[in-house]
Amino acid sequence: DNIIIFLHLLGLDMNGHAYRPNSEQYKDNIRYVDDLVKRVEESVARYYKDSKTAFVFTADHGMSNKGSHGDGEPECTQTPLVVWGA
């Protein structure tokens, strides 16, 4: 069976707008999400016990240093694409 699990990690976006991307609050949230991703990957590996899982991470937009987006600048329109696994 093919299964897709979707996680919407809204906290990073909210913290970026509220505190700005260079704030300690934002950086703390990044560390939290990094740990969460690690735990999700480990949980999936323990549950499925195979190497057929692919992980794909992206974002819907970037963010300026002011915590805004939508102005068309590269830091607001370029998004990461991180892929690993199967």
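Helices (H or I, at least four residues) and strands (E, at least two) are DSSP runs, numbered from the N terminus. The model is predicted: local features need pLDDT of at least 70 and side-chain atom pairs pLDDT 80 or more, while totals for chains, interfaces and linings use all residues. Residues are numbered from 1 along each chain as its sequence is written, and side-chain values use heavy atoms, leaving out hydrogens and water.

**Exercise 1.** Let's follow α2: find its span, its buried residues and what comes just after it.

*Solution.*
- Start with the span: α2 has 25 residues and reaches 36 Å from first C-alpha to last, close to the 36 Å expected at 1.5 Å a residue (1.5 Å times one less than the number of residues).
- Next, look inward: Y26, N29, V33, V37 and V44 of α2 are buried (under 20% relative accessible area, 1.4 Å probe, protein chains only).
- Then ask what covers these buried residues: α1, β1 and β2 (81-85) are among the elements that do.
- Finally, step past the end: just after α2, K49 takes a positive phi of about 50 degrees.

**Exercise 2.** Now place N15 and find its partners.

*Solution.*
- N15 sits in helix α1.
- Its relative accessible area is 18%, so N15 is buried.
- Leaving aside residues up to four places away in sequence, N15 touches R20, Y26 and N29 (heavy atoms within 4.5 Å).
- With N29, the side chain of N15 makes a polar contact of 2.6 Å (N or O atoms within 3.5 Å, one able to donate a hydrogen and the other to accept it; residues adjacent in sequence count only if both atoms are side-chain atoms).

Conventions:
Buried < 20%, exposed > 50% of the residue type's maximum accessible area, 1.4 Å probe, protein only.
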